[in-house]
Amino acid sequence: MEGLIVKNISDLFYIVSDNSTYICKAKGVFRKKNIIPMVGDKVIFDEKKLIITNILNRKNKLIRPPICNIDQAIVVMSVVNPLFSSNLIDKFINIIEFNNIKPIICLTKLDLITNESDINKYIDYYKNIGYEVIINTEINKIKSIISNKITVITGQSGVGKSSLLNKLDSSLQLKTNDISYALNRGKHTTRHVTLIPLFNGYVADTPGFSSLSFNEMKKEDIRDNMIEFNLYKDKCKYRDCMHIKEEDCEIKRLVDKGIILKSRYENYIKFVNEIKSTY
Ligand SMILES: Nc1nc2c(ncn2[C@@H]2O[C@H](COP(=O)(O)OP(=O)(O)O)[C@@H](O)[C@H]2O)c(=O)[nH]1
Ligand SMILES: [Mg+2]
Ligand SMILES: [Zn+2]
């Protein structure tokens with residue numbers, strides 16, 4: 001039978017197929033080849049022996065959280081409490097782009113601010129370069145985005161990820177404001193990710209990240225994941241321009257003109273320096 005792994009606890013894999021759940025182990029040969037099935041995998045399994053016999057090709061794969069075959073990632077960011085960070089948004093987006101997953105930005109806690117003009121500047125910019133930007137109160141819109149897809153909900157602790165999922169489906173009853181969990185994470189906790197069925201698709205509510213890293217990425221990757229740079233780079237003098245120290249650089253000109261958002265460019269420079277320092 002064919003099914004989808006929705007949960008993994010040590011060597012047990014919970015597979016959903018035709019509305020039933022089967023708890024299976026992986027075939028021994030996987031271990032020898034060092035292939036480990038993961039949440040999100042589409043697999044072939046023997047429903048009598050409860051053994052996974054084959055893993056279908058993955059279209060993408062995240063290590064943190066460990067999950068694959070993701071259609072889209074909703075990056076949740078509060079405008080305050082915790083304070084809005086364009087740096088974190090750009091970092092999430094960069095990593096998500098690198099993994100060939102569609103990023104969607106969801107802003108929360110707009111009810112806690114009186115002046116929205118600063119935030120609107122970001123909303124307009126990200127929309128302009130082609131990203132979908134939503135507010136956590138736009139429930140019907142979010143429902144249609146999530147329908148029939150596998151979606152990862154990501155973002156730092158406290159931004160309102162679990163609250164949003166509870167609002168989409170009150171029967172989920174996910175714990176919110178779980179500070180103790182946030183403080184303990186990374187110690188002994190293996191990061192259990194679960195795919196929760198929702199609107200004919202699945203969502204994964206991931207724990208907040210203590211750190212996000214550009215693992216395995218080169219500085220050229222970071223550059224190429226800045227999607228709006230790719231629109232203009234042909235006008236740079238050098239074909240492989242990094243848009244940093246080079247002369248006659250179109251990207252730097254557009255930052256000066258205010259066409260490329262200054263914070264995006266500054267975050268880009270920070271990211272490149274971050275990976276340089278890890279070599
Ligand atoms: N004022 C306000 N509070 C919110 C909003 N969304 C979430 N919260 C609160 O923020 C806190 C953290 O929410 P939670 O869903 O646990 O965040 P998570 O760590 O990202 O899952 C909780 O106390 C929520 O009630 C919002 O849109 N406005
Ligand atoms: Mg949560
Ligand atoms: Zn350039």
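Four short exercises on a predicted model follow, each with a worked solution.

Residues are numbered from 1 along each chain as written, chains are lettered from A and ligands numbered from 1 in the order written. In this predicted model, local features need pLDDT of at least 70 and side-chain atom pairs count only at pLDDT 80 or more, while totals for chains, interfaces and linings use all residues.

**Exercise 1. Overall dimensions**

Task: compare the radius of gyration of the protein chain with the globule rule.

Solution. Take the radius over C-alpha atoms; the rule is 2.2 Å times the number of residues to the power 0.38. For 279 residues, a compact globule would come near 19 Å. The protein chain has 21 Å, which agrees. Next, take the box along the principal axes: the C-alpha atoms fill roughly 65 × 45 × 35 Å. Then count burial (buried: 20 or more other C-beta atoms within 10 Å of the residue's own, C-beta atoms being placed from the backbone). Of the 279 residues, 32% are buried.

**Exercise 2. The open sheet**

Task: give the strand order of the sheet of 6 strands, and find its edges.

Solution. Strands are DSSP runs of E, at least two residues long, and helices are runs of H or I, at least four, both numbered from the N terminus. Two strands pair if DSSP finds at least two bridges between them. The order is 10-9-8-11-13-12, with mixed pairing. Strand 10 (132-135) and strand 12 (195-198) each have a single partner strand, so one side of each lacks a neighbour in the sheet.

**Exercise 3. Pairings in the sheet**

Task: determine the sense in which strand 13 pairs with strand 11, and with strand 12.

Solution. Start with strand 11 (residues 150-154): it pairs with strand 13 in the parallel sense over 4 bridges. Here Val-152 stands opposite Ala-204. Now turn to strand 12: 4 bridges join it to strand 13, and the two run antiparallel. Pro-197 has Tyr-202 as its bridge partner. The hairpin of these two strands has 2 residues between them, and Phe-199 takes a positive phi near 45°. Finally, check burial: 4 of the 5 residues of strand 13 (residues 201-205) are buried, so this strand is largely enclosed by the rest of the structure.

**Exercise 4. The ligand shell**

Task: characterise the 16 residues around ligand 1.

Solution. A residue is near a molecule if its C-beta atom, placed from the backbone, lies within 6 Å of it. Gly-160, Lys-161, Ser-162, Ser-163 and Thr-176 come nearest. Helix 5 (residues 161-168) gives the most to the shell, with 3 residues. By class, the shell has 2 nonpolar, 11 polar and 3 charged residues. Asp, Glu, Lys and Arg count as charged; Ala, Val, Leu, Ile, Met, Phe, Trp, Tyr, Cys and Pro as nonpolar; the others, Gly among them, as polar.

How values were computed: Buried ≥ 20, exposed ≤ 12 C-beta atoms within 10 Å, placed from the backbone.
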